[in-house]
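Here is a short set of exercises with worked solutions. Keep the viewer open and try each task before reading on.

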Number of protein chains: 2
Amino acid sequence: MYELIRRINGVDDVKKFSLEELKVLAGEIREALFNRLTHIGGHFGPNFGMVETEIAMHYVFNSPVDKIVFDVSHQSYPHKILTGRKEGYINDNRFYEDSGYTNPDESEHDFFNIGHTSTSISLASGLAKARDLKGDHENIIAVIGDGSLSGGEALEGLNVAGAELKSNFIIVVNDNEMAIAETHGGLYKNLKELRDTKGKADHNIFKAFGLDYMYIEQGNDIKTMIDAFQKIKDIDHPIVLHIHTVKGFGYKIAEENKENWHWTLPFDRETGVTTVDFGDGEDYTSITASYIMDKAKKDKDLLIITPAMPSAAGLDVNMRKELGSQYIDVGIAEEQAVAMASGAAKNGVKPLVVTCTTFMQRAYDQISQDVCINKTPVTILLNYSSFDAMTDVTHLGIFGIPEFTNIPNLVVLAPSSKSEYINMLDWSLSQREHPVMILIPGNEVNDRKSDTDYSKLNTFKMERNGERLAIIALGDFYQMGEKLADEIENKLLFKPTLVNPRFASGIDKEMLKELKNNHELVITLEDGIIEGGFGQKIASFYGTSNMKVKNYGLGKIFYDRYSPADLLKKVGMDTESIIADIKKIIFY
Amino acid sequence: MYELIRRINGVDDVKKFSLEELKVLAGEIREALFNRLTHIGGHFGPNFGMVETEIAMHYVFNSPVDKIVFDVSHQSYPHKILTGRKEGYINDNRFYEDSGYTNPDESEHDFFNIGHTSTSISLASGLAKARDLKGDHENIIAVIGDGSLSGGEALEGLNVAGAELKSNFIIVVNDNEMAIAETHGGLYKNLKELRDTKGKADHNIFKAFGLDYMYIEQGNDIKTMIDAFQKIKDIDHPIVLHIHTVKGFGYKIAEENKENWHWTLPFDRETGVTTVDFGDGEDYTSITASYIMDKAKKDKDLLIITPAMPSAAGLDVNMRKELGSQYIDVGIAEEQAVAMASGAAKNGVKPLVVTCTTFMQRAYDQISQDVCINKTPVTILLNYSSFDAMTDVTHLGIFGIPEFTNIPNLVVLAPSSKSEYINMLDWSLSQREHPVMILIPGNEVNDRKSDTDYSKLNTFKMERNGERLAIIALGDFYQMGEKLADEIENKLLFKPTLVNPRFASGIDKEMLKELKNNHELVITLEDGIIEGGFGQKIASFYGTSNMKVKNYGLGKIFYDRYSPADLLKKVGMDTESIIADIKKIIFY
């Protein structure tokens, strides 16, 4: 097993194989992918579909002098195997040496840490522009999936490549007829026409952007791909190589259910069934899905908008069908999603935009300008808004609080229980005064009861009335605050105050003022970085008083693939460390 | 004069005119535009070019039931005159009643406050989607200039309109062959082909996005435009109406120098010369231009990248020519600009991205992901990063500090003098370790000397070593700090400490610790909103100590068309108010 893979120590070794050997190599790479993915999970469909293309690429081009930039880079596993990182796939003890994305720390064949979509053409255009300025002549190649093309940055990149670059630039469009879910938008009709006509359709979108163009139907055939790459290698102008591949190619179960096999948990190869047992408890994602399905039936003005992330709301393909015209997936296009929501709210319906926290920053300007300046009643739901969600450096959910809570007019709510989450959703969708963002909790579902009315903005809720110390514990860190309050009562023998602030975007000045009467210390707990966040607003409020304030949260750091529990300890947020701090401050 | 304009009290009055009268009306509207613009300045070219189209639009459609969304909305003056707001143009005492953009507070015919580009299609798509959900049937019209089409959000909007909307949706593409400066990108070759072939070119970009299409060569002819709109009124699917107009039509001086006449200061109509006297002192924009021109000659690795905002660096058309391949304008495409810069830095050159603060938030994700995670040595220059710059709600420069200083790895520098600005530029372009953002000062040029090395991050500079009170005055508020320190010495009879922090993105913990020895109060001054900003980091740092901290800055508010001096007073940032605060805190 892995006979040929084992002979690859550097990318030059790929060039030594015969065509027959390359075909065998493709099979071995799929075995290696199975080995990693059945054990630790990861992106399935994108990698299985691109095995042949990436072999051909490294056979023809001279990486790292020739430079390949993978969009999202979730399809770069074969590339990794071919560029000296086979052990992360064939050696069960070394899986965790490699990230799931390109990573310059791993290899000189990777140029960027990438994890968000639609960036490859723009990044590669910079490599090309610098090459030209320096008078060099290497090939610059961007590899982008059809799903990523709907993102504005990719389209901006096509536009610039089509006129402003006058030299070698190769854009490989990997067309597997899918985003994570199905694709959405007019350009996909165009891609279909191009596929149906073998590239001869009228109104070719790439040519419309001023680009040269070539179509390859057999993107999963090594020989075809080698020929194609040899033809365009060292080309003296920008070209789009549009290739047709099968997502998940080589695993029937994945080919037949492409959406579910975009990314996978560890699984059993025979059955395709995941080997991870989640138990059958509900989580906040499934609560979101149930809420939406129920609400949409009752309120025909509810409009769900997602930028290609229905999974962030737990909406599977059947639910989407059932939602009908009350659901719109705009493709990977966060800017469009948010601005469209503002327009829809303006015209009287109740838009609910849902995606992952890490992606919503792609619509920062639209949230600020199109929604918040206009005070349109849009509800934005952010999932995975926690240190305890995705831990890849490109997918962190820990920056949402400083990013969004400092935008005027935006009411950012941080629920601490299921009831509070649902009540906040209900309230947000019932009012027409404020844009609202809700940070879906990242912790276990808690069933504490809560209030239903949030119309008096920035009113914190006093949950336990104590003395000396007030714990202000935001959103999904409220339970941590509860635990801490219990411990303090046990160990320090006084009853601290416990506050559930509920609002992340403002402070309850009245309550904070009152706390001064019988408290000497306020501590803040928030699920994100401290700088620019919630707690610092409170520190600033108390700045000229005698109240001491200590803010707890994460550092302003791009953490990467960490253990969530260890991270909390490292930043001193475990109960023990906090109690030690409190002792020092209160009893000095 | 204004005979027909005076007869317009509501949009229905436009429909009562004969064609001949409409032509006369067009002339009157241009006179009214001259009246406003010669007196108070504003957008010239976009409005003069669209007079006939907007007359025809209101002649044919039934606003506000039919809904028109203007991109940027800087071309909406004729629309305003036609929808009950003539007084802001013909009555010299009422100019300031109307903003320079659409504004729902002014009229039911305006749907959004808009000022950033490329949003109209997305916003209008939301209006259309809501209309469909509600079962209504009005026309929804987006009006977008060719220059705005390069922005990702506009392209995302075309993609969604081309497949996801199945009902009435009209996109008027106003093609005047210009952005503010010349247009850039492949799609402009396509627009030219379409113009040259009267809409018959192969590879029509709009059709490639799945849209129906119609071309009108005579966009400045009222009859032609009325016919065109009548043809597509109540159409049952999305269509692009591509019209060719002349930017600045009707004023020869403007037609011949379109870039300079995109926007104008008050001017003399005979000569076209501005009537505002700026004196001949240098400002930070001209300093930026001189620096770039000089540096580019000496360092062939310097690459200037701008998203259609050369004016933010003071680069006129001759300078751009002189920069040659060291300059690239990517069109209105901030995402592309920033990601391209990251790629260029990665491949060894020294990219300097320049635009206005208010627009840079359009690339928030790219700054975070493409630049900062990758630590590529990109220099980002932000102009108009001050409360004392553009005061329209859509163009405020007061949010930059909280927006960008909380992104890990980004070194945000706030120079307080010309020397410091230039030394920071030199340092940033000489190092390969950090992404750097420099906030171009918004105040008068100051010639205080400064250090040349900024490699020790987050080291504040103690400019005056005093006692009791430390004033930490950031960037272009440093001079305010100096003045304040002088006043305190005079009035309160002690010498305060004065600190020039230089770094906006981190704090000098060592110095802050030392201040505890002989200071009881720290005050922070920053040119932007307090929340999430610089001063709150300092308040948080001192939270558990006895040091008192007071943060000065603006409120988390979308201010609109304010007097900068009054605003400072309103938030208590005039010297008098601050001294009163200090007295209270220190001497209580």
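**Exercise 1. The two copies**

What rotation and what shift along its axis superpose chain A on chain B?

Solution. Before starting, note that this is a predicted model, where local features need pLDDT of at least 70, side-chain atom pairs count only at pLDDT 80 or more, and totals for chains, interfaces and linings use all residues. Residues are numbered from 1 along each chain as its sequence is written, chains are lettered from A and ligands numbered from 1 in the order in which they are written, and side-chain values use heavy atoms, with hydrogens and water left out.

Step 1: superpose the copies by least squares on the C-alpha atoms of residues with pLDDT of at least 70 in both. Step 2: read off the result, a rotation of 180 degrees with 0.0 Å of shift along its axis, at an RMSD of 0.0 Å. Step 3: name the relation, which is that of a two-fold axis. Step 4: check the contact residues (contact means heavy atoms within 4.5 Å); 100% of those of chain A recur in chain B, so the same surface serves both copies.

**Exercise 2. A helix crossing between chains**

Work out how α15 of chain A and α8 of chain B are arranged, and which residues touch.

Solution. Two packed helices are described by the angle between their axes and the distance between the axes. Step 1: find the helices, which are DSSP runs of H or I with at least four residues, numbered from the N terminus (strands are runs of E, at least two). Here they are residues 334-346 of chain A and residues 152-161 of chain B. Step 2: take the axes, lines fitted to C-alpha atoms over the stretch in contact, with angles from 0 to 180 degrees between N-to-C directions. They come within 8 Å and cross at roughly 75 degrees. Step 3: classify the angle; α15(A) is roughly perpendicular to α8(B), since that class runs from 65 to 115 degrees (under 35 is roughly parallel, over 145 roughly antiparallel, the rest oblique).

Step 4: list the residues. α15(A) brings A:Glu334, A:Glu335, A:Gln336, A:Ala339 and A:Met340, while α8(B) brings B:Gly152, B:Glu153, B:Glu156, B:Gly157 and B:Val160. Step 5: sort them into three nonpolar, three polar and four charged residues. The nonpolar class is Ala, Val, Leu, Ile, Met, Phe, Trp, Tyr, Cys and Pro; Asp, Glu, Lys and Arg are charged, and the others, Gly among them, are polar.

**Exercise 3. Unusual backbone**

Look at A:Pro64, B:Pro64, A:Ser118 and B:Arg468, and say what stands out in the backbone.

Solution. Most residues other than glycine have a negative phi, and most peptide bonds are trans. Step 1: A:Ser63 and A:Pro64 are joined by a cis bond with omega about 5 degrees, and A:Pro64 sits in the loop between α4 (51-60) and β2 (67-70) of chain A. In chain B, the bond from B:Ser63 to B:Pro64 is cis too, with omega near 5 degrees.

Step 2: A:Ser118 has a positive phi, near 70 degrees, and lies in the loop between α6 and α7 of chain A. A:Ser118 is buried, at 0% relative accessibility (buried is under 20% relative accessible area, exposed over 50%, partly exposed in between, with a 1.4 Å probe and protein chains only). Step 3: B:Arg468 has a positive phi near 65 degrees, belongs to strand β15 (residues 468-473) of chain B, and counts as partly exposed at 25%.
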